[in-house]
Structures are given as C-alpha cells and as structure tokens.
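This report introduces a structure to a reader who has not met it before. It begins with one strand, moves to the sheet around that strand, and ends with two further sites.

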Amino acid sequence: MTSNLTRREWLAGTTAASSFILSGAVASAQSFMTPNVTPTAQNPIRANLNENVYGQSLKARKAIADAADDSHRYAFRDIFQLQALMSKLEDIPREYVGLGAGSTEFLEKAAVFNALAGGDILLPTPTYGDIGRFARTLGSKLIEVPVGDDMAINLDAMRAAMTDNVKLIYLCNPNNPIPTIIEKNALREFCLEMSDKATVLIDEAYFEYVDNPDYESMISLVKENKNMIITRTASKIHAFAGMRIGVCFAHPDIIKRMFGLFTNTLNLPAMRGAMASYQDIKYQTFLKQKNKECQQIIYKMLDELNLQYVKSNANFIFFNAGRPTKEVSETMKKHHILTGREFQPFPNWVRLSLSKPEEMQYFADMYRKEFG
Ligand SMILES: Cc1ncc(COP(=O)(O)O)c(C=O)c1O
C-alpha cells in the first residue's frame with residue numbers, strides 16, 4: 001500500500017498518457033488508474049449516476065482497511081474527531097456540524113421535521129428528487145417552481161410562489177440534473193429574506209467541483225445564525241457513495257433537533273476513511289483536473305454536433321440530444337455505456353455523468369458514430 005500511495009501521489013501531477021501506462025502495473029489495486037475503454041455488459045462505462053469512478057483516495061482506502069481492527073467498538077471518538085475536522089476545515093464551531101450516513105439522511109430528516117410542523121416545501125423543478133419524494137410520502141404539499149429559460153433556478157419565481165405555509169425551502173446548488181449554479185449575491189439576498197420565513201436548506205453535494213467566480217457556498221450565513229441548513233456529501237468527489245458519509249452545517253438548535261445529543265448512524269471505517277480523504281487535497285485536485293478534461297472532451301463533441309448544452313459546474317453535463325433520452329440511453333447501452341435517465345420536462349435531454357477522460361472519449365466516439 002505504501003508504494004501505491006507514492007505512485008498515486010506522483011501520478012497526480014502527470015499526464016493522462018503516463019498514468020495510463022503505469023496503470024497496467026497496478027491495475028487491481030488502483031482501478032482508478034485504469035480507464036475502461038473496452039466496456040462489456042458486466043463492466044460498462046458508468047456515466048449515469050454522478051459517481052466518482054476513480055474510487056477513493058489511497059490514503060482513504062488505507063484508513064478504511066486499517067479501521068477493521070477497531071470496528072468492533074462504538075465509534076463515539078471518531079464521530080467527535082470527524083466533526084472536529086469539518087469544523088476546522090470550514091472554520092465553524094463544532095456544535096454547528098452534523099454527520100450522517102450520506103447527505104440523504106439530512107434531506108429526509110428535514111422533510112420529516114417539516115411534515116411534523118405541517119409545512120409545505122418550496123423547491124425548484126427539475127432538481128434532485130430525494131427530498132420531494134420523501135416529503136410526498138409523508139403527505140406534505142410540494143410547491144414546485146420550474147427553472148427559468150436559462151435553465152437556472154429562478155429565485156424570483158420562487159419568491160412569488162412563497163406562501164405562509166412553506167416551512168422548508170430546498171435549493172440544490174449546483175443543481176442536479178441541470179448543473180447550473182445560483183449567482184452568489186442573488187442567492188445570499190434570497191436566503192437572508194427567506195430564512196426569516198422558513199428554513200432554507202441548500203444542498204451543496206457538488207460544491208467541490210465548482211470553479212466559477214459567481215458561485216459561493218452559503219455556509220457563512222449558517223455562521224451568522226440564519227435559519228439555514230447546508231448539506232454536503234462525501235459521495236461525490238470523495239467517492240464514498242457506497243460508504244455513506246454526509247456532513248451538514250446548521251445552527252446548534254437545528255443540529256440538536258435533527259440528531260439529539262449526537263448522531264450514531266455512521267460506521268467507523270467510513271469515518272476514518274473520510275477523515276483521510278478530506279485531508280488528501282492532492283487527490284481532490286487530481287480529480288478536479290480529470291473532471292475538467294472530461295468536460296472539454298464532451299463540449300468538443302457537442303459543439304461539433306451543434307447540440308445545445310448547459311456548461312457544467314459539477315461532474316455531469318446536461319445536453320439536448322434532439323431525440324428522446326431513452327433512444328440515446330438504449331443506443332449507448334449497446335456500446336456498454338450507461339447514461340442518465342429522462343428528467344421531465346426535458347424529454348430530449350441527457351444527463352451524462354463524467355467518468356474518466358479516456359472513457360468520455362470512447363463515449364464521444366460511439367456517440368458520433370451513432371448520431372453524428
Ligand atoms: C444533489 C444531490 N444531493 C444529495 C445526493 C445524495 O447523496 P448521498 O450519497 O450523500 O446520500 C445526491 C446523489 O446523487 C445528489 O445528487
């Protein structure tokens with residue numbers, strides 16, 4: 001493992017070509033180095049679920065494996081340590097940090113508290129569906145506000161749709177399936193105004209990927225004790241989708257309400273791995289670079305084919321295929337490439353999760369062959 005670590009750290013600053021050559025030597029331990037350019041039905045290119053197909057940082061993997069020795073014990077100390085790490089990284093007191101088994105835990109808890117208070121939820125559409133689905137099963141009313149013509153979340157329309165009975169406002173920033181952001185000043189103003197009337201939850205699942213001067217996390221408003229919840233996840237850039245770690249930031253009263261004295265749903269190996277991953281800045285830089293390379297490959301293809309798309313602020317692209325989403329997914333599936341499902345009201349648009357540059361090149365080649 002030590003030698004792999006060294007290799008990976010070295011690789012982080014190298015070209016795609018050299019990493020591919022080296023990957024042959026370390027293929028099994030370092031699946032993230034081996035692009036899947038000969039996909040099969042059993043081992044397809046996974047461009048459908050916004051996962052990080054590189055896998056976890058080697059430092060995280062080592063921490064997870066080493067944690068087996070301690071995982072017969074309750075993880076109270078690790079809970080405290082992970083909260084303390086997040087508090088340090090975000091410069092916010094530890095009492096403002098909540099942990100969950102993925103950020104889904106916070107979205108669902110927020111929906112439960114809203115339902116208990118008899119509140120409606122105000123949210124854009126389309127957006128990440130979990131909170132809305134869950135709220136509906138709890139009998140809550142959803143007020144869904146379509147995105148604007150620019151495909152971005154329309155804050156003015158949301159303001160106009162606000163009612164006295166809305167107790168929770170959900171904003172996903174960057175949004176999903178459309179990877180737009182909300183301009184930071186407009187968002188701040190909206191939050192300042194609306195958090196007097198309802199709890200504003202901002203889902204920042206893709207926060208780490210954003211490289212846009214108009215974007216800002218709203219965590220500073222939590223520090224100012226506004227009625228807000230910011231949710232983040234280790235499922236994306238940290239590749240913990242199957243490990244389940246989420247982090248939220250909110251006033252201690254909200255944290256206490258959501259978790260009681262503390263949360264105890266997290267597992268020790270996942271927390272140890274997350275602590276290593278969040279401190280492995282080099283690996284995150286490497287992944288962001290790879291994500292940008294993927295974006296360029298797909299933009300090039302879309303420009304050549306004259307297809308409309310939304311510039312990505314995340315690890316996926318949303319483009320207008322000019323034909324049913326299903327036709328694209330079924331055609332690409334024949335090439336063993338999985339693409340995103342249909343999202344209403346955009347029946348001709350495809351959400352393509354970015355995997356590795358070589359795999360995106362393979363996708364682009366196959367797409368041109370089929371539809372070019
Ligand atoms: C915007 C958004 N929020 C939350 C989640 C759920 O993430 P987690 O794995 O942290 O529960 C996802 C998953 O795709 C997502 O896209």
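## A covered strand

In this predicted model, strand 8, formed by residues 246-250, is mostly covered, with five of its five residues buried. G246, C248 and A250 point to one side of the strand, whereas V247 and F249 point to the other, and all are buried. In a regular strand, side chains alternate between the two faces of the sheet.

Strand 8 has a partner in strand 2 (residues 97-100), with which it pairs in the antiparallel sense over four bridges. In this pairing, L99 stands opposite V247. Strand 7 (residues 228-233) also runs antiparallel to strand 8, and five bridges join the two. Here I229 stands opposite A250.

## The sheet as a whole

To which sheet do these strands belong, and in what order do its strands lie? Seven strands form an open sheet in the order 2-8-7-6-5-3-4, with mixed pairing. Its edges are strand 2 and strand 4 (142-146), each of which pairs on one side only. On average, and ignoring direction, neighbouring strands of the sheet are turned by 20 degrees against each other.

A parallel pairing is found between strand 3 (residues 120-125) and strand 5 (residues 166-172), which are linked by three bridges. D120 stands opposite V166 of strand 5. Helix 6 (residues 130-137) packs on the sheet and touches strand 3, strand 4, strand 5 and strand 6 (199-203). The direction of helix 6 makes about 150 degrees with that of strand 4. Helix 10 (residues 252-259) also packs on the sheet, touching strand 2, strand 7 and strand 8, and its direction makes about 135 degrees with that of strand 8.

## A buried loop residue

N52 is located in the loop between strand 1 (45-47) and helix 3 (58-66). Its relative accessibility is 10%, and it therefore counts as buried, the cut-off being under 20%. A polar atom of the N52 side chain lies 2.9 Å from the backbone nitrogen of Y54. Apart from neighbours within four places in sequence, N52 is in contact with Y209, K236, I237, H238, A239 and L287.

## Two crossing helices

The axes of helix 13 (residues 325-334) and helix 14 (residues 357-371) come within 11 Å and cross at roughly 115 degrees. The two helices are therefore roughly perpendicular to each other, and the crossing is right-handed. Helix 13 contributes E327, V328, T331 and M332 to the contact, while helix 14 contributes F363, M366, Y367, E370 and F371.

Note on methods
Residues are numbered from 1 along each chain as its sequence is written. This is a predicted model: local features need pLDDT of at least 70, side-chain atom pairs count only at pLDDT 80 or more; totals for chains, interfaces and linings use all residues. Side-chain values use heavy atoms; hydrogens and water are left out. Buried means under 20% relative accessible area, exposed over 50%, partly exposed in between (1.4 Å probe, protein chains only). Two strands pair if DSSP finds at least two bridges between them. A polar contact is a pair of N or O atoms within 3.5 Å; within protein, one must be able to donate a hydrogen and the other to accept it, and residues adjacent in sequence count only if both atoms are side-chain atoms. Contact means heavy atoms within 4.5 Å. Axes are lines fitted to C-alpha atoms, for helices over the stretch in contact, and angles run from 0 to 180 degrees between N-to-C directions. Angles under 35 degrees count as roughly parallel, over 145 as roughly antiparallel, 65 to 115 as roughly perpendicular and the rest as oblique. A crossing is left-handed if the near helix is turned anticlockwise from the far one by less than a right angle, and right-handed if clockwise.
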